[in-house]
Amino acid sequence: MSTESKKPAEQPAPSAKDIAEAGAQLVPGTYVGMPPTAQLFWAVVESTGVLVRGFGAVSATRIATGQYQVVFSHDLTRSGYVGSIGLTGAVGSAPSGEIAVVGRFGVPNGVFVQTFTSTGVAADRSFHLTISS
């Protein structure tokens, strides 16, 4: 049986102690220290290429198995890209895998994303993408 068909392990529920400790460490979000021109964009994309939600994200497209294009509203050519395999919902446990992200050739406001199984085989995976510009 391939790892593709296995159901991912369920995420364990946090204990009351874990919740209390995390709550005690919670700091409200702030922009202190960021330059006034700093921008942060993000997208959450289904394995089918559907853009589920995002900020500054305009569209997402599945190009081929494990290959996606995500387009944003701004030029990203001098930006930093961070991708992570992950479910599109708020809870659960995503299948294992790997991700590679880079600017999209010929599309200055696009990002090219590749997703793989843990053994390096191209595979469709949902993902989260963050752009720091």
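A contact here means heavy atoms within 4.5 Å. With that in hand, here are some views of a predicted model.

**View 1. The whole chain, with one helix and eight strands.** Follow the chain along its sequence and you meet the pattern α-β-β-β-β-β-β-β-β. Of its 133 residues, 23% count as buried. Take the contacts between residues at least 6 apart in sequence, and 55% of them join residues at least 24 apart. As for confidence, the mean pLDDT of the chain is 84, and 80% of the residues reach 70 or more.

**View 2. His128 and the residues it touches.** You'll find His128 in strand β8. Leaving out residues up to four places away in sequence, His128 touches Ala43, Val44, Arg53, Val82, Gly83, Ser84, Gly86 and Leu87. Take Val82 from that list: it sits 46 residues from His128 along the chain, yet the two C-alpha atoms are separated by 8.3 Å. Is His128 buried, partly exposed or exposed? Its relative accessible area is 27%, so His128 counts as partly exposed.

**View 3. An open sheet of four strands.** The strands line up in the order β3-β4-β7-β6, and their pairing is antiparallel. Look at the edges, where β3 (57–64) and β6 (98–103) stand. Each has a single partner strand, so one side of each is left without a neighbour in the sheet. From one strand to the next, the twist averages 20°. In general, strands of a sheet pair through backbone hydrogen bonds.

**View 4. Zooming in on β3 and β4.** Strand β4 covers residues 67–72, and six bridges join it to β3. The two strands run antiparallel. For a landmark, find Ala60, which stands opposite Val70 in β4.

**View 5. The salt bridge between Arg62 and Asp124.** How many salt bridges does the structure hold? There is one. Its partners are Arg62 and Asp124, with the closest N and O atoms 2.9 Å apart. This pair links distant parts of the chain, since Arg62 is in strand β3 while Asp124 is in the loop between β7 (110–116) and β8 (127–132), 62 residues apart. Arg62 has 33% relative accessibility, so it counts as partly exposed. Asp124 also counts as partly exposed, at 27%. More broadly, side chains of opposite charge can pair when their charged atoms come close.

**View 6. Two phenylalanine rings, Phe41 and Phe72.** A search of the whole structure turns up two aromatic pairs, and this view shows one of them, formed by Phe41 and Phe72. The ring centres are 6.2 Å apart and the planes meet at 50°, so the pair is tilted. Phe41 lies in strand β1 (residues 40–45) and Phe72 in strand β4, so the pair ties together parts that are 31 residues apart in sequence. Are these rings buried or exposed? Phe41 has 3% relative accessibility, so it counts as buried. Phe72, at 1%, counts as buried too.

**View 7. The start of the chain, residues 1–8.** Here pLDDT stays under 50. For this stretch the model has seven contacts beyond four places in sequence. A word of caution: where pLDDT is low, the predicted coordinates should not be read in detail.

Definitions and conventions
Residues numbered from 1 in each chain as written. Heavy atoms only, no water. Pairing = 2+ DSSP bridges. Axes fitted to C-alpha atoms, helices over the stretch in contact; angles between N-to-C directions. Salt bridge = Lys/Arg side-chain N within 4 Å of Asp/Glu carboxyl O. Buried < 20%, exposed > 50% of the residue type's maximum accessible area, 1.4 Å probe, protein only. pLDDT = per-residue confidence, 0-100. Phe/Tyr/Trp six-rings, centres within 6.5 Å; stacked < 30°, edge-to-face > 60°.
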